[in-house]
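Colleague: Could you pick one part of this model and take me through it closely? I'm a first-year student, so plain words, please.

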Amino acid sequence: MDPGAGSSSTHLNWANVGLAFSFILLDGVLSTTFGLGVGSSLITAAVRCVVQLSVVALILQKVFETNNPWAVAGMAFLLNLMGTIETVVNKSKKRYDHMFPSVLLGMLGSTIPVSIIGIRFAMDVDPFWKPEQYIPVVGMLCGSTISGIVVSVTYVLKELYDNRDKVEMYLAFGASRFEACKPIARDALRLALTPNINQMSVIGIIAIPGMMTGAILGGSSVEQAARLQMVIMFMISSCTALSSIVTTILALGVVVDNEHRVRTDRIDTREHAVYRARNWVVGKVVGAVKSAAYAVARGVKKLAGKGDAQQEDGADGSERQRLLG
């Protein structure tokens, strides 16, 4: 990238971030006013955004200073690992057996080769593992693969779980499991790639994407920023396609077994174990707090009852003394 003439950058502090956070508060107020029910989710997501970006900034600063290829490789693996956790734990409502290693394989098998080839040859960066170049690109590729994997796998599991009769009919007429699942895989991949196609269709004319905007704000010429965005978009499209294909094939291979049977028992529709454990712990804590509160209330009530009895006994005794005296 060629630096342009204007290489000035704006220095932002936490006051600027706080001012921008007011937009999220406005969304929360609108959600509460119209009863949308997403106000708390917006605030939670915004707080996560602030915390996560702050932590990443601290880590990346250390990685950039070391300029070590092993540190860059570790950071790339960490991004893929966190993306896999986000996909399996938070984004997927249905999961299949061994989904975590399948998604991790799909992400690593797409983001790593695409980023190496794209940065080294398309972006002409040597060495390709320069931290300031490689890590941001891998982060963008991971974000795109999460969306593609979630869309494709969700569609596959929904069709096999809700409409298993269609697949079983193909299998009953002698089709192999790949022939029976081909329409599902085709539709899943089409859905996964549609957002990238739409984004590339409107980019530049209607929307100026974030990478191009960041390059311009960073001081690059507009022409170089536009070419960089083209390279990034093509890498994102390729990475999304590869990861979606890998995870779709692996998901179909698990749910439709070697005996050409649809194994819906391998699809888990419950909340992830992480959230089930969280709910169990919260339930235990709430139960303990309630029990303690009830015990305290009973103790206070007993003490109050004893105090009233003593007052009544004292009143009766004084009354007897008055009558006898």
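Modeller: Let's start at Asp124, which counts as exposed at 61% relative accessibility (exposed is over 50%, buried under 20%, partly exposed in between, using a 1.4 Å probe and protein chains only). You'll find Asp124 in the loop between H4 and H5 (helices are DSSP H or I runs of at least four residues, strands E runs of at least two, numbered from the N terminus). Do keep in mind that this is a predicted model: local features need pLDDT of at least 70, side-chain atom pairs need 80 or more, and totals for chains, interfaces and linings use all residues. Residues count from 1 along each chain as written, and side-chain values use heavy atoms, without hydrogens or water.

So what makes this loop fun to look at? Take the backbone of Asp124: its phi is near 60°, a positive value in a residue that isn't glycine. Most residues other than glycine have a negative phi, and most peptide bonds are trans. Now slide along to Pro127, which sits in that loop between H4 and H5 too. The peptide bond leading from Asp126 to Pro127 is cis, with omega near 0°.

Next, look for rings. This structure has one aromatic pair, and its partners are Phe128 and Tyr134, arranged edge-to-face with 5.9 Å centre to centre and 65° between the planes (Phe, Tyr and Trp rings, six-membered for Trp, pair within 6.5 Å; under 30 degrees is stacked, over 60 edge-to-face, the rest tilted). The two partners differ in how much they show: Phe128 is partly exposed, at 27% relative accessible area, whereas Tyr134 is buried, at 5%.

From there, head inside with me. The largest nonpolar core has 50 residues, and the ones with the most contacts inside it are Tyr96, Met123, Leu160, Val167 and Met235 (a core is buried Ala, Val, Leu, Ile, Met, Phe, Trp, Tyr and Cys joined by side-chain atoms within 4.5 Å). Among the elements that give two or more residues to this core are the two helices on either side of our loop, H4 (99-122) and H5 (131-162), along with H9. H5 gives the most, with 13 residues.

Pick out Met235 from that core. Leaving out residues up to four places away in sequence, Met235 touches Val114, Ser115, Gly118, Ile119, Val137 and Leu141 (contact means heavy atoms within 4.5 Å).

Thr247 makes a nice companion to Met235. Thr247 belongs to helix H9, which spans residues 222-255, and its relative accessible area is 0%, so it's buried. What does Thr247 rub up against? Apart from neighbours within four places in sequence, it's in contact with Tyr96, Ser102, Val103, Gly106, Ile149, Ser152 and Val153. Tyr96, remember, is one of the residues with the most contacts inside the core.

Asp124 also has a counterpart elsewhere in the chain. His260 isn't a glycine, yet its phi is positive, about 60°. His260 lies in the loop between H9 and S2, and at 36% relative accessible area it's partly exposed. For another histidine, try His272, placed in the loop between strand S2 (267-268) and helix H10 (273-324). His272 is buried, with a relative accessible area of 19%, and it touches Val88, Val89 and Arg95, again not counting residues up to four places away in sequence.
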